[in-house]
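Subject: A structure for you to explore

Hi there,

Here is the structure I promised to pass on to you. Have a look at it first, and then read on for what turned up in it.

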Amino acid sequence: MTKVNVATSWYNLCGLCLYPDLEDAFLGLVSRFGWSTPVACYDRAKVIDLLMKDGGSDEQAEEWFSYSTIGTWAGPGTPVFLETLTVEDALAVTDAVPND
């Protein structure tokens, strides 16, 4: 399985962090109030597909993604990962997460 080497794979352009090995999963930039600059947004499902491309299982790709991709903090330019859901599914997911 191809694994993105986070330590050496970041492009940092004007505070924007990009994964060059995940270019096919890149969706664009996202912004919100309070963020000084936009951040890269990747399609979560496509990232998993790219990680499985060289024969890794879905489980291995999910584990790698959880630990080495979404589990990495690279400062305020850290990318986000979009999971496409219906409104109903999104509400079900957020209902299951306790509010702090």
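Let's start with a little network: R44, E62 and E83 are linked by salt bridges, a salt bridge being a side-chain nitrogen of Lys or Arg within 4 Å of a carboxyl oxygen of Asp or Glu. Side chains of opposite charge can pair when their charged atoms come close. The structure holds two such bridges. In one of them, the side chains of E62 and R44 meet at 2.7 Å, N to O. This pair links distant parts of the chain, with E62 in helix α3 and R44 in helix α2 (residues 44–52), 18 residues apart. R44 also meets E83, at 4.0 Å, N to O. Here R44 in helix α2 is joined to E83 in the loop between β5 and α4 (87–96), 39 residues along the chain.

A word on how to read this: the model is predicted, so local features need pLDDT of at least 70 and side-chain atom pairs count only at pLDDT 80 or more, while totals for chains, interfaces and linings use all residues. Residues are numbered from 1 along each chain as its sequence is written, and side-chain values use heavy atoms, leaving out hydrogens and water.

Now for the overall fold. The protein has four helices and five strands, where helices (H or I, at least four residues) and strands (E, at least two) are DSSP runs numbered from the N terminus. Along the sequence they follow the pattern α-β-β-β-β-α-α-β-α.

Strand β4 (residues 39–43) is a good place to look next. Four bridges join strand β3 (residues 26–30) to β4, and these two run antiparallel; strands pair if DSSP finds at least two bridges between them. L29 has A40 in β4 as its bridge partner. Strand β5 (residues 80–82) is joined to β4 by three bridges, and this pair runs parallel. D43 stands opposite L82 in β5.

Is β4 buried or exposed? Five of its five residues are buried, so β4 is largely enclosed by the rest of the structure. Buried means under 20% relative accessible area, exposed over 50%, and partly exposed in between (1.4 Å probe, protein chains only). F81, in strand β5, is buried too, at 15%. By contrast, E62 is partly exposed at 24%, and E83 is partly exposed at 48%. Buried residues make up 31% of the 100 residues in the protein.

Enjoy exploring!
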